[in-house]
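Let us take a friendly walk through a protein chain together. Keep the sequence and the 3D view side by side as you read.

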Amino acid sequence: MDQEEGLSAVDNIVTQFNTYEDFLDSQITTVDLYYLEDEVLARQLVELGYRGTGEVVKREDFEARKAAIEIARLAERTQKKTLTSAGKDLQDNFLKALAVREEDNRNGKVSSVIFIRDRNSHGQEVSGYIDYAHRLKTEDFEVYFNGKRRLLPKCTDLSFYNWESHIAVWNSTPNYQVIADNPEGLLFKYKRDRKILNVDPKARPGDNSTRTPIQTELYIQAVIFDHISKRKT
């Protein structure tokens with residue numbers, strides 16, 4: 001039996017029994033108890049491989065796999081809890097698009113850049129590019145998914161431009177390096193695989209990247225760029 005088959009056999013046993021003692025008891029027959037007259041001794045013989053009706057599993061292997069399975073279960077439950085979009089009745093296409101991408105941006109499978117153009121609370125037209133994964137880590141999106149606030153670009157995002165005051169700001173993030181001196185317009189270099197994301201609507205977005213305009217009632221314009229990193233981690 002190879003290592004993978006061995007792990008599979010142990011996993012089957014671990015998921016079937018709550019404790020190692022329960023597993024040992026399942027291997028003891030009534031005949032064993034009749035002749036040995038000692039349940040503890042019978043368990044010890046099964047553990048050593050001298051008695052039993054099935055697979056021999058060491059205590060440390062059972063407990064290690066039990067712990068690993070529990071850690072994986074808790075991690076999965078924690079991941080589901082961190083999805084702030086989960087269970088929300090989302091009506092607008094923009095929020096639905098964010099919800100679809102939330103988990104993959106949190107776990108690094110996809111890196112999305114959000115372009116938004118709209119008016120701020122002062123009635124000024126603003127636009128900018130938002131590193132979705134970075135904002136998810138640094139901000140609680142509950143207020144956006146429940147409709148209490150609108151997601152808007154800020155001076156700390158990848159880029160921000162106020163069309164009335166003509167204030168222009170750009171910032172690199174843990175995921176992207178901003179290339180601002182390109183004569184054709186802003187470029188973003190994804191730091192993990194060093195691929196260039198081109199946000200010019202007249203150009204191709206780049207390798208492993210897509211551009212998706214979003215029809216939304218919330219903004220004048222919204223576009224989401226999705227980049228899938230091919231680099232192995």
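## A loop residue and its surroundings

Thr216 sits in the loop that joins strand S8 (209-213) to strand S9 (221-227). Helices (H or I, at least four residues) and strands (E, at least two) are DSSP runs, numbered from the N terminus. Before going on, note that this is a predicted model, in which local features need pLDDT of at least 70 and side-chain atom pairs count only at pLDDT 80 or more, while totals for chains, interfaces and linings use all residues. Residues are numbered from 1 along each chain as its sequence is written, and side-chain values use heavy atoms, with hydrogens and water left out.

Is Thr216 buried or exposed? Thr216 counts as buried because its relative accessible area is 16%; buried means under 20%, exposed over 50%, and partly exposed in between (1.4 Å probe, protein chains only). Leaving out residues up to four places away in sequence, Thr216 touches Asp92, Phe94 and Ala222, where a contact means heavy atoms within 4.5 Å. Thr216 and Asp92 are 124 residues apart in sequence, yet 6.3 Å apart in space, C-alpha to C-alpha. Their side chains make a polar contact (2.6 Å). Such a contact is a pair of N or O atoms within 3.5 Å; within protein, one must be able to donate a hydrogen and the other to accept it, and residues adjacent in sequence count only if both atoms are side-chain atoms.

Ser229 is in the segment after S9. Ser229 is buried because its relative accessibility is 16%. Beyond its neighbours within four places in sequence, Ser229 is in contact with Lys109, Tyr190, Arg192 and Asp193.

## The chain as a whole

The protein chain has eight helices and nine strands. Of its 233 residues, 38% are buried. Among contacts with a separation of 6 or more, 51% join residues 24 or more positions apart.

## Two pockets

On a 1 Å grid over the protein atoms alone, a pocket is an open set of points where a 1.4 Å probe fits, with protein on both sides within 12 Å along at least five of seven lines; lining residues have an atom within 4 Å of a point.

The largest pocket has 22 lining residues, and Phe115, Ser127, Tyr129, Leu186 and Val199 lie nearest its centre. Strand S2 (125-131), strand S3 (159-162), strand S4 (168-170) and S9 are the elements that each give two or more residues to this lining.

The second largest pocket holds about 150 Å³, a volume being the space filled by probe spheres set on the points, which are joined across faces, edges and corners. Its lining has 13 residues, with Asn105, Ala133, Lys137, Asn175 and Arg192 closest to the centre. Helix H6 (93-107) and helix H7 (132-138) are the elements that give two or more residues to that lining.

## Two residues with positive phi

Which residues other than glycine have a positive phi? His166 and Arg194 both appear in this table.

| Residue | Phi | Place | Relative accessibility |
|---|---|---|---|
| His166 | near 60° | loop between S3 and S4 | 54% |
| Arg194 | about 65° | loop between strand S6 (187-190) and strand S7 (196-198) | 57% |

His166 counts as exposed because its relative accessibility is 54%, and Arg194 is exposed because its relative accessible area is 57%.
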